[in-house]
Amino acid sequence: MMALRSIAFLTAAAMLAACGPANDSATKAAAAAAPAILATPEGKDVNSYANPLEARVAHVALDLAADFERHVLSGTATLDIAAAKDAQKIVLDDNGLVIKSITDAAGKALAYQVGTADPIHGAPLTVQLGGARRIVITYESAPGATALQWMAPEQTLGKQKPYLFTQGEAILNRTWIPTQDSPGIRQTWNARITVPEGLTAVMSGDSQSVLGETAPGNRRTFSFKMDKPVAPYLIAMAIGDLRFKAINDTMGVWSEPAMVDKAAAEFADLGKFMTAAEELYGPYRWGRYDVLVLPPSFPYGGMENPTLTFATPTIIAGDKSLVSVIAHELAHSWSGNLVTNATWDDFWLNEGFTTYAENRIIERVYGPERAAMEADLLWSDMEQAVDEAGGPDSKLTQLHLNLTPEMDPDTATGEIAYAKGATFLRTIEQAVGREKWDAYLKAYFDRHAFQPQTSAGFLADLRANLIKDTATAQKIGLDQWVYQPGIPANAVHVQSTAFIPIDKAAAAFAATGDIAQAPRDVSTQEFLRFINQLPRNIGNAKLATLDAAFHWSTTGNSEIRFAWLDLAIANHYPPADASAEDFLTSQGRRKFVAPLFTRLMAQPGWGPAAAKRIYTKARPGYHPLTVGTVDRIVGWQG
């Protein structure tokens, strides 16, 4: 038997045979139609109840109405099924859905059962097909569906109209869509969304009715379609008082009216990002590329929903210094959206590739020095992530994870996937040369377009098409990088020459407290380096000197403010307390709020009380994902 990590891509039948006994004729037949990678051991998704080798969802058609009073989406989901000839059932993922009926396309009732639920994955929804290959599910979401954040008018920028947005990654879309919620089971989709008059719906697909159509009850219906197969977590929607401003013919920005001009100015370089990305990785295949700037409770910096990146307003600094987040989300149009991790064990295939590509785009648009500074900061993030994961021997520092059903992929995946994954690819680039590496990546995305992928599949492709000699593979340590913990000794560390004087300035200021030793008129990245190089016990007198000189407690640059507040809380610098409370209650980005609440809880005496007081105020405005994280940090009891 060939070792899985060195197998080239096989036929579906051969892949199935490699997995072990498979006597069920239905499973064998379906394997020929399903992506071959799903029949491999690494292609099995422990975070889904689905059995795609028997029957899988090929297309989802949604017809839903948004009820802002009850906080539910209700209507139908019509699923087209690809199944083996003798398949009797299909198993879907369901987390809290209220199922009213399931029928075939002719309206004949089909038997179904909702199985035992667990708090992470929800429950299996098993439908007896009775020969049907199209089923219609009438249902509604629960008011507390974790993929949905319903916002009252006062929680929005405009304060006049309500807002709803969805966040599906990793396994949350099963709380509002009855489908197989596994990244390896790609699906096309279309949707009709009915909303109250005066609101606009947008989705991660082609709009069929930009202004909507009149619907009964003083409502409007918006229609969308995605004719390319996508991972189900990439089906996304937002409803609110939204306006659009074009950047060019194929790109633009959606946001609340008061934010749209500022956002469009901040993202004016989108066209340059697209040119750089296409030169590196081949044609953009999704049609339009727009950005939706969400309310500040959005839990991430950005989410790469096809055709419509969701973004936090915390990246709008006024000087384009934080727009690498948008370069990152655009790069996902290739790594993540075009070629997708088949399971969350291989989250790094999405995020490591994308973080690497982001830096290459930044290099082309803003120059090598900006890219080097961001890569050097990423190295520091990686070192910190290794420490937080339990050290270099922790299995959580592997690229390929071994998640179990007891592990929530939303909390088990983290910075290692981004930073170590990007460093691995940069190490390959140095070993083979940039020209060969770039040619390989462009061809790789072509070969596997619109398909799921695993670590084993990537390494097999790498060996088949780029690193064909064993000596080079061993020198790089391909398997070690992917399957072993820690950071290999040959990791390429990009070191920014711009940080040399910044590091000296941090050491000098820490020693003397002389503000003349601090940098002036430098980039965001250089200020971040300076703040993060300062000792956590620097003392309040020196913090007061910095505060008077730079006013970081009130800066509009969220990254600098976060770094400053982390330092201030570590020293219990009281003048920053009001800033910390304002920052934690005015936005809900997990990257910022989780570390700051962790820092507060670690401060003896005053810290936990302050954390719980602030969190009591902030919690109602946070997304459920952020709530789940911070509840654990502060020991929330309700």
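**Close-up 1. Asp410 and the residues around it in this predicted model.** Leaving aside residues up to four places away in sequence, Asp410 touches Glu169, Ala170, Ile171, Leu172, Tyr300, Arg590 and Leu625. One of these contacts, Ala170, is 240 residues from Asp410 in sequence, and yet the two C-alpha atoms are 5.9 Å apart in space. Asp410 itself is found in helix α8, which covers residues 409-412. Its relative accessibility is 10%, so Asp410 counts as buried.

**Close-up 2. A salt bridge between strands β10 and β1.** Here the side chains to look for are Arg192 and Asp63, which meet in a salt bridge with an N to O distance of 3.0 Å. Arg192 belongs to strand β10 (residues 187-196) and Asp63 to strand β1 (residues 55-67); with their positions 129 residues apart in sequence, the pair links distant parts of the chain. Are the two partners buried or exposed? Arg192 comes out as partly exposed, at 36% relative accessibility, and Asp63 is partly exposed as well, at 31%. For a wider view, a search of the whole structure finds 33 salt bridges.

**Close-up 3. Arg447 and Asp461, a salt bridge joining two helices.** The closest N and O atoms of Arg447 and Asp461 are 2.8 Å apart. Because Arg447 lies in helix α10 (residues 434-447) and Asp461 in helix α11 (residues 455-465), this salt bridge ties together parts that are 14 residues apart in sequence. The surroundings of the two ends are worth a look: Arg447 is partly exposed at 36% relative accessibility, whereas Asp461 is buried at 2%.

**Close-up 4. Helix α11 and what covers it.** Staying with the helix that holds Asp461, we can ask how many of the 11 residues of α11 are buried. The count is eight, so α11 is largely enclosed by the rest of the structure. The buried residues are Ser455, Ala456, Gly457, Phe458, Leu459, Ala460, Asp461 and Leu462. The elements that cover them include α6, α9, α10, α13 and strand β22 (451-453).

**Close-up 5. Lys617 with Glu581, and a salt-bridge network elsewhere.** In the salt bridge of Lys617 with Glu581, the closest N and O atoms are 3.5 Å apart. Lys617 sits in helix α20 (residues 606-618) and Glu581 in helix α18 (residues 577-586), so to speak two distant parts of the chain linked across 36 residues of sequence. Lys617 counts as exposed, with a relative accessibility of 54%. A companion panel can show Asp67, Arg70, Lys100 and Glu140, which salt bridges with shared partners join into one network.

**Close-up 6. A three-stranded open sheet.** The strand order is β3-β6-β5, and the pairing is antiparallel. Strands β3 (89-94) and β5 (112-114) stand at the edges with a single partner strand each, so one side of each is left without a neighbour in the sheet. Ignoring direction, neighbouring strands here are turned by 20° against each other on average. Strand β3 runs antiparallel to β6 (residues 123-128), and six bridges join the two. To find your way along this pair, note that Asp94 stands opposite Ala123 in β6.

**Close-up 7. Phe273 and Tyr366, an edge-to-face pair.** The whole structure holds 36 aromatic pairs. In this one, the ring centres are 6.0 Å apart and the planes make an angle of 85°. Phe273 lies in helix α4 (residues 270-281) and Tyr366 in helix α6 (residues 347-366), so the pair ties together parts that are 93 residues apart in sequence. Phe273 is buried at 2% relative accessibility, while Tyr366 is partly exposed at 27%. Arg370 joins the scene too, lying over the face of Tyr366 at 4.7 Å from the ring centre.

**Close-up 8. Phe424 and Trp481, a stacked pair.** The centres of these two rings are 5.3 Å apart, with 20° between the planes. Phe424 lies in helix α9 (residues 415-432) and Trp481 in helix α13 (residues 478-483), so this contact ties together parts that are 57 residues apart in sequence. Both residues are buried. Zooming out, ring pairs link Phe424 and Trp481 into a cluster with Tyr281, Trp348, Phe353, Tyr356, Trp437, Tyr440, Tyr444, Phe445 and Phe458.

How values were computed:
Residues numbered from 1 in each chain as written. Predicted model: local features only at pLDDT ≥ 70, side-chain atom pairs only at ≥ 80, totals over all residues. Heavy atoms only, no water. Salt bridge = Lys/Arg side-chain N within 4 Å of Asp/Glu carboxyl O. Helix = DSSP H or I, 4+ residues; strand = E, 2+ residues; numbered from the N terminus. Buried < 20%, exposed > 50% of the residue type's maximum accessible area, 1.4 Å probe, protein only. Pairing = 2+ DSSP bridges. Axes fitted to C-alpha atoms, helices over the stretch in contact; angles between N-to-C directions. Phe/Tyr/Trp six-rings, centres within 6.5 Å; stacked < 30°, edge-to-face > 60°. Lys NZ or Arg CZ within 6 Å of the ring centre and 35° of its normal. Contact = heavy atoms within 4.5 Å.
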